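Biologist: I would like to learn how to read a model like this one. Please take me through it feature by feature.

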Amino acid sequence: MEHVIRAIRADEWEKARELRLAALRDPVASVAFLEMYEGAVARDDSFWQERTAGAAEGTSVRQFVAEAPDGSWVGTVSVLVERPGGEPRFGEPASVDQTHLVAVYVRPEARGTGVTDELFRAAVEWSWSLPEPTIQRVRLYVHEDNPRAEAFYRRFGFVQSGETVGVPGDEGAREKEYELRRAG
């Protein structure tokens, strides 16, 4: 594969902002993200600088990108570390040490090239590599009206946990929780 999968750096906030805004303009954004383009584009530079610095730090969140040979970013996934007793960011509170994959996006021209697989491998490997307490599972949520994403998650090895949650701002809609358990 010609893309490099790597963690973002704190000084790359402008690229992180551009990729997030592209994701929020995608035709499936309404079932893929809990944030709307209008709110994100209105945020000032300091928001994006702080968000990117936090995702580059890698203690409670880590963002991975797929970088093309020309330096452009074609995809991303963020990993949130969730511990029992911690405040849930979405869904049920953690009952085990886990990570939560969010903000998955691959530009249309890079879809079907293996970029998403590589991003997920990096995110899951990073999750399993975290120091004690050991991460027991990786989870994510998928909107019930997003069958393409759901099919990818299943192909990658995620299985439905049986949990669902309501979608904020979309009365009646549900998000399904998928999980990948640590082997052994």
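Modeller: We will go through burial, salt bridges, a surface patch and backbone oddities in turn. This is a predicted model, where local features need pLDDT of at least 70 and side-chain atom pairs count only at pLDDT 80 or more, while totals for chains, interfaces and linings use all residues. Residues are numbered from 1 along each chain as its sequence is written, and side-chain values use heavy atoms, with hydrogens and water left out.

Biologist: Start with burial. Is arginine 20 buried or exposed?

Modeller: Buried means under 20% relative accessible area, exposed means over 50%, and partly exposed is in between (1.4 Å probe, protein chains only). Arginine 20 has a relative accessible area of 12%, so this residue is buried. Arginine 20 sits in helix α1 (residues 13-25). Helices (H or I, at least four residues) and strands (E, at least two) are DSSP runs, numbered from the N terminus.

Biologist: Which residues is arginine 20 in contact with, leaving aside neighbours within four places in sequence?

Modeller: Contact means heavy atoms within 4.5 Å. By that rule arginine 20 is in contact with Phe33, Glu35, Trp48, Arg51 and Ala103.

Biologist: Now salt bridges. What is the general idea?

Modeller: Side chains of opposite charge can pair when their charged atoms come close. The cut-off here is a side-chain nitrogen of Lys or Arg within 4 Å of a carboxyl oxygen of Asp or Glu. The count comes to 18 salt bridges.

Biologist: Which residue forms a salt bridge with arginine 107?

Modeller: Glutamate 18 does, with the closest N and O atoms 2.5 Å apart. The pair links distant parts of the chain, 89 residues apart: arginine 107 is in the loop between β4 and α5, and glutamate 18 is in helix α1. Arginine 107 is buried at 15% relative accessibility, whereas glutamate 18 is partly exposed at 36%. Setting aside residues up to four places away in sequence, arginine 107 touches Glu18, Leu19, Ala22, Trp73 and Val74.

Biologist: What does arginine 111 pair with?

Modeller: Aspartate 26, with the closest N and O atoms 2.6 Å apart. Arginine 111 is in the loop between β4 and α5 and aspartate 26 in the loop between α1 and α2 (29-32), so the pair ties together parts 85 residues apart in sequence. Arginine 111 is partly exposed at 27%. Aspartate 26 is buried at 9%.

Biologist: Which residues do salt bridges with shared partners join into one network?

Modeller: Begin with one pair: arginine 181 and glutamate 179 meet at 3.3 Å, N to O. Shared partners then join Glu82, Arg137, Arg139, Glu177, Glu179 and Arg181 into one network.

Biologist: Next, the surface. Which residues form the negative patch?

Modeller: Patch residues have over 30% relative accessible area and no salt bridge; like charges are joined within 9 Å, and nonpolar side chains (Val, Leu, Ile, Met, Phe, Trp, Tyr) within 5 Å. Glu14, Asp44, Asp45 and Glu50 form the negative patch. Glutamate 50 lies in helix α4 (residues 45-57) and is exposed at 59%.

Biologist: Last, the backbone. What should I look for?

Modeller: Most residues other than glycine have a negative phi, and most peptide bonds are trans. Alanine 103 has a positive phi of about 55 degrees although it is not a glycine. Alanine 103 lies in strand β4 (residues 98-106).

Biologist: Where is the cis peptide bond?

Modeller: A cis peptide bond joins glutamate 132 and proline 133, with omega about -5 degrees. Proline 133 is in the loop between α5 (115-129) and β5 (137-143).

Methods: Areas by Shrake-Rupley, 256 points an atom, 1.4 Å probe, with all protein chains shown as cover. Lys, Arg positive; Asp, Glu negative; His and termini not counted. Charge placed at Lys NZ, Arg CZ, Asp CG, Glu CD.
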